[in-house]
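Reader: Hi! I am new to reading protein models and would love a close look at one part of this one. Could you walk me through it slowly?

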Amino acid sequence: MDLLNTLVDKGLRRELPTREEALAVLATSDDDLLDVVAAAGKVRRHWFGRRVKLNYLVNLKSGLCPEDCSYCSQRLGSKADILKYTWLKPDEASQAAAAGLAGGAKRVCLVASGRGPTDRDVDRVSETIKAIKEQNEDVEVCACLGLLSDGQAERLREAGADAYNHNLNTSEGTYGDITTTHTYADRVDTVQKAHAAGLSACSGLIAGMGETDEDLVDVVFSLRELDPDSVPVNFLIPFEGTPLAKEWNLTPQRCLRILAMVRFVCPDVEVRIAGGREVHLRTMQPLALHLANSIFLGDYLTSEGQAGKADLEMIADAGFEVEGAGEVTLPEHRAAGGGCGSHAEAGCGSHADAGCGAHTEGGCGSHEGGGVCGTAGVPGAANEPRPDLVAVRRRGAGTDLAPNA
């Protein structure tokens, strides 16, 4: 297929595809799906080999968010029966992080619900970062606390944070249909603040909220322009008790096409399969490793993921290897330069709007959605609702039960 050959060539040169080419990837047929995965897989292997980076979420504060993000189980007015608790103490958060690190995670993502942190909240998180790094010197720490005020990103960096996550989630044109208590511009501003403070910017999207192909391409092109180091791709978890509970629009094949499109547009960044992979990719998860070079290990913020052991077995069985703590995730040109800079002709992004993702199921810039690997239930049509695959997290942070890692 000429389209795929062209996209592979562009990906190896870090050249931006055209919008028409990106849309064409999403429009490919199921008959061509393995060809699409194989082509995007060539780009993934060129920049990242067969390494898979493991990330681990710690939900520092769950529920009771004042923002109205329609996709989020922690939103204002949510009826979802999730765990609700206030800030974990630094030692509690450090213990939770240790479970993920013991399971092979290289990065810990500290997430808190809410519009954004107060200065006191930044102090709390700073103490938590220090506690984690005292026990695990080499660990990467990403904070995800919502909208940042001036100076807060710098304070997190000084405390030892390596990265900051704040997702764009959807296209600018449709953002107001999903959230009304803050704007798309607010999110872009926070990504830029993180980048300017020297944090590795992490910013991604949520697919499956009823958006069009054009919306998906819009948000991924916007992310490329912001030039993040990592782009998490979340697949909506339709939590009962949220406005999007009936949005079951994704098939495993659709998810793979979305991941392939993201890889072609962002060839040399860490593409992470985030919330919802177990719910929507299901038995096709191993194929997604040929597209993304990063996943979350174990559970998510408010929902359960498949067993951490199953994640590790999946990676090994698919012929991939877990990225070690001493390995550098990003290609040399990005790791050394703090992003791809102003490679205009290479299409990496102009950095004029610099910035950079993990957590969905979302909330105001935190919340990573989640899914469970599978419970009883006989699947029907590929895109038939599967509420049996959505399980609220009842273990780990905020509980007395051991975490899944």
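Reader: How many bridges join strand 1 to strand 9, and in which sense do they run?

Author: Happy to help! A word on the ground rules comes before the answer. This is a predicted model, where local features need pLDDT of at least 70 and side-chain atom pairs count only at pLDDT 80 or more, while totals for chains, interfaces and linings use all residues. Residues are numbered from 1 along each chain as its sequence is written, and side-chain values use heavy atoms, with hydrogens and water left out.

Now to your question: strand 1 and strand 9 (residues 294-296) run parallel and are joined by 3 bridges. Strands here are DSSP runs of E with at least two residues, helices are runs of H or I with at least four, and both are numbered from the N terminus. Two strands pair if DSSP finds at least two bridges between them. Within this pairing, Leu54 of strand 1 has Ile295 of strand 9 opposite.

Strand 1 has other partners. With strand 10 (residues 321-322) it pairs in the parallel sense over 2 bridges, and there Glu321 is opposite Arg51. With strand 2 (residues 107-112) the pairing is parallel too, over 6 bridges, and Asn55 has Arg107 as its bridge partner. To get from strand 1 to strand 2, the chain passes through helix 4 (residues 90-102), making a right-handed β-α-β crossover. Right-handed means that, with the strands pointing away from the viewer, the path from the first strand over the helix to the second runs clockwise.

How enclosed is strand 1? It spans residues 51-61, and 11 of the 11 residues are buried, so the rest of the structure largely encloses this strand. Buried means under 20% relative accessible area, exposed is over 50%, and partly exposed is in between, using a 1.4 Å probe and protein chains only.

Let's look at some side chains around these strands. The charged end of Arg50 sits over the ring of Phe320, 4.4 Å from its centre; this label needs NZ of Lys or CZ of Arg within 6 Å of the ring centre and within 35 degrees of the ring normal. The rings of Phe296 and Tyr300 have centres 6.3 Å apart and planes at 65 degrees, so they form an edge-to-face pair. Rings of Phe, Tyr and Trp (its six-membered ring) pair if their centres lie within 6.5 Å, with planes under 30 degrees apart called stacked, over 60 edge-to-face and the rest tilted. Both Phe296 and Tyr300 are buried.
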